[in-house]
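I am opening a notebook page on this structure, to keep track of what I look up and what I find. I start with charged side chains, then turn to cysteines, and end with two residues that I follow one at a time.

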Amino acid sequence: QVQPVESGGGLVQAGDSMRLSCVASGNTWRNYDAGWFRQAPGKEREFVAGINWTGVTTSYADSVKGRFTISRDTAKNTVYLQMNSLKPEDTAVYHCAARGAWKTGEYDYWGQGTQVTVFS
């Protein structure tokens, strides 16, 4: 099993950048696909970005393409979400999630989440 643990949220001004980190506690990201999701108040949780267990294949929601970058540092067992040109609509609780490398569909393991607030 794995427990994703996020860090790096906070309060930033529109146009600024922020990087979120997610450690795979108890296991290694080499065994899991990693995904970042977010949930804003009153809205459903949405997919933001994902990186597969090889660390090579990435995917993004249309709303963040060109602004956000997901990456993985295997040596540090950490997945990052670099967020540039932040907008107020990016304000949400961001969750890191893991899914077994042999699986598809829903993610199985979720972090507690970290709040990102973007003010204009």
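Entry 1, an aspartate on the outside. I note that the model is a predicted one, and I begin with aspartate 62, which is exposed because its relative accessible area is 65%, and the cut-off for that word is over 50%. When I looked for a charged partner, I found that its side chain meets that of lysine 65 in a salt bridge, with 3.2 Å from N to O. A search for such pairs gives six salt bridges in the structure, and I looked at some of them in turn.

Entry 2, a buried pair. I next looked up aspartate 90, which forms a salt bridge with arginine 67, and the closest N and O atoms of the two are 2.8 Å apart. The pair links distant parts of the chain, since aspartate 90 sits in the loop between strand E8 (78-83) and strand E9 (92-100), while arginine 67 sits in the loop between strand E6 (58-60) and strand E7 (68-73), and 23 residues separate them. Are these two residues buried or exposed? I find that both aspartate 90 and arginine 67 are buried.

Entry 3, a partly exposed pair. Aspartate 108 and lysine 103 form another salt bridge, where the closest N and O atoms are 3.0 Å apart. I checked each partner for accessibility: aspartate 108 has a relative accessible area of 34% and is therefore partly exposed, and lysine 103, with 32%, is also partly exposed. I then asked which residues are joined into one network by salt bridges that share partners. The network consists of Arg38, Glu46, Arg67 and Asp90.

Entry 4, the cysteines. How many disulfides does a search of the whole structure find? I find one, and it joins cysteine 22 to cysteine 96, with 2.1 Å from S to S. Cysteine 22 belongs to strand E3 (residues 18-25) and cysteine 96 to strand E9, so the disulfide ties together parts that lie 74 residues apart in sequence. I also wrote down the torsion about the S-S bond, which is about -90 degrees, and the disulfide is therefore left-handed. Cysteine 22 counts as buried because its relative accessibility is 0%, and cysteine 96 is buried with a relative accessible area of 0%.

Entry 5, arginine 38. I came back to this member of the network and located arginine 38 in strand E4 (residues 32-39). Arginine 38 counts as buried because its relative accessibility is 6%, where the cut-off is under 20%. I found a polar contact of 2.6 Å between the side chains of arginine 38 and glutamate 46, and another, of 2.9 Å, between those of arginine 38 and tyrosine 94. Leaving aside residues up to four places away in sequence, I see that arginine 38 touches a list of residues including Val48, Ser63, Phe68, Asp90 and Ala92.

Entry 6, lysine 87. I looked for this residue in the loop between E8 and E9, where it is found, and its 34% relative accessibility means that it counts as partly exposed. What does lysine 87 touch, not counting residues up to four places away in sequence? I find Arg67 and Val118. Finally, I noted that lysine 87 and serine 120 are 33 residues apart in sequence, while their C-alpha atoms are 7.7 Å apart in space.

Conventions:
Residues numbered from 1 in each chain as written. Predicted model: local features only at pLDDT ≥ 70, side-chain atom pairs only at ≥ 80, totals over all residues. Heavy atoms only, no water. Salt bridge = Lys/Arg side-chain N within 4 Å of Asp/Glu carboxyl O. Buried < 20%, exposed > 50% of the residue type's maximum accessible area, 1.4 Å probe, protein only. Helix = DSSP H or I, 4+ residues; strand = E, 2+ residues; numbered from the N terminus. Disulfide = S-S within 2.5 Å. Polar contact = N/O pair within 3.5 Å; in protein donor to acceptor, adjacent residues only side chain to side chain. Contact = heavy atoms within 4.5 Å.
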